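User: Please take a close look at the main pocket and then follow the chain outwards from it to the neighbouring loops and strands. I would like one connected account, with each term explained where it is used.

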Amino acid sequence: VPDYTGAGLAASSLILADSIEALAAPLEPDEQTERPYAFGGAEILPERDTVFARDELLTAAFLVYNAGVDGSGKPDVTVTYEFYQQSGGPAQFFNRTAPQQYSPQTLPPVFDLRAGHQLVPIQDVPLSSFPPGGYRLEATVTDGIADATETLEVRFVVEE
């Protein structure tokens, strides 16, 4: 397991989720070891494989660690998602989603990374416009306060 306690921007692996379920309350510490994908008020249920049908929704999630914060404990993080089609040769850009912004202007007033709140970007993408084949999803995290970037990737397949 990577050590995310150091200084500097870091991110977990991209998790392709089957679903994300709301929890009635955060888990107790002893429950957390049995349910490692539960974060605060939600639990990510990972996909069992990376093969999807065109009528499915691709849900990607991950955690951001050690983002810089302003005086109120809020980050200035932008996350972009780009898709590349893998078809035998070099990967070709396919499409991208609108960037996600996590900043004092977009986060709730009570959000504070210094208080232990977690930054968990989640992106849903309908696969209906994806032709069958192999793909690579690249998520890029840009920290405007720390002037740092982290890029993650995961591969998946879309079938008819």
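Analyst: To sort the residues of a pocket by character, Ala, Val, Leu, Ile, Met, Phe, Trp, Tyr, Cys and Pro are counted as nonpolar, Asp, Glu, Lys and Arg as charged, and the others, Gly among them, as polar. The model is a predicted one, in which local features need pLDDT of at least 70 and side-chain atom pairs count only at pLDDT 80 or more, whereas totals for chains, interfaces and linings use all residues. Residues are numbered from 1 along each chain as its sequence is written, and side-chain values use heavy atoms, with hydrogens and water left out.

The largest pocket has a volume of about 160 Å³, the volume being the space filled by probe spheres set on grid points that are joined across faces, edges and corners. A pocket here is an open set of points on a 1 Å grid over the protein atoms alone, where a 1.4 Å probe fits and protein lies on both sides within 12 Å along at least five of seven lines; a lining residue has an atom within 4 Å of a point. The lining consists of Leu63, Val64, Tyr65, Asn66 and Ala67, together with Leu113, Gly116, His117, Gln118 and Leu119. By character, the lining residues divide into six nonpolar, four polar and no charged.

One lining residue, Asn66, sits in the loop between strand S7 (64–65) and strand S8 (77–86), where strands (E, at least two residues) and helices (H or I, at least four) are DSSP runs numbered from the N terminus. Its phi is near 60°, a positive value in a residue other than glycine. Asn66 is partly exposed because its relative accessible area is 31%; with a 1.4 Å probe and protein chains only, buried means under 20%, exposed over 50%, and partly exposed in between. A positive phi is also found at Asp147, about 50° although the residue is not a glycine, in the loop between strand S12 (133–143) and strand S13 (148–159). Asp147 has 73% relative accessibility and therefore counts as exposed.

Another lining residue, Leu63, leads to Ser12, whose side chain reaches the backbone nitrogen of Leu63 at 2.9 Å. Ser12 belongs to the loop between strand S1 (10–11) and strand S2 (15–22), and its relative accessibility is 10%, so Ser12 counts as buried. Beyond its neighbours within four places in sequence, Ser12 is in contact (heavy atoms within 4.5 Å) with Tyr4, Phe62, Leu63, Tyr65 and Leu152.

From Ser12 the chain runs on to S2, which is part of an open sheet of five strands in the order S3-S4-S2-S6-S11, with antiparallel pairing. Strand S3 (38–39) and strand S11 (122–126) stand at the edges with a single partner strand each, so one side of each has no neighbour in the sheet. Two strands count as paired if DSSP finds at least two bridges between them. S2 is joined to strand S6 (residues 57–61) by three bridges in the antiparallel sense, and Ala17 has Thr59 as its bridge partner in S6. With strand S4 (residues 42–46), S2 pairs over five bridges, again antiparallel, and the partner of Ser19 in S4 is Leu45.

S4 also pairs with S3, antiparallel and over two bridges, Ala38 having Glu43 as its bridge partner in S4. These two strands, S3 and S4, form a hairpin with two residues between them, and Gly40 in the turn has a positive phi of about 60°. Leu23, in the loop between S2 and helix H1 (29–32), has contacts in this region: apart from neighbours within four places in sequence, Leu23 is in contact with Arg35, Ala38, Gly40, Gly41, Ala42 and Glu43. Leu23 counts as buried because its relative accessibility is 17%.

The loop of Asn66 ends at S8, and S8 is joined to strand S9 (residues 92–96) by four antiparallel bridges, with Arg96 in S9 as the bridge partner of Glu82. S8 and S9 form a hairpin with five residues between them, in whose turn Gly88 has a positive phi of about 95°. Phe94 lies in S9 and, at 23% relative accessibility, counts as partly exposed. Leaving aside neighbours within four places in sequence, the contacts of Phe94 include Phe83, Tyr84, Gln85, Ser129, Phe130, Pro131 and Tyr135.

Notes:
Polar contact = N/O pair within 3.5 Å; in protein donor to acceptor, adjacent residues only side chain to side chain.
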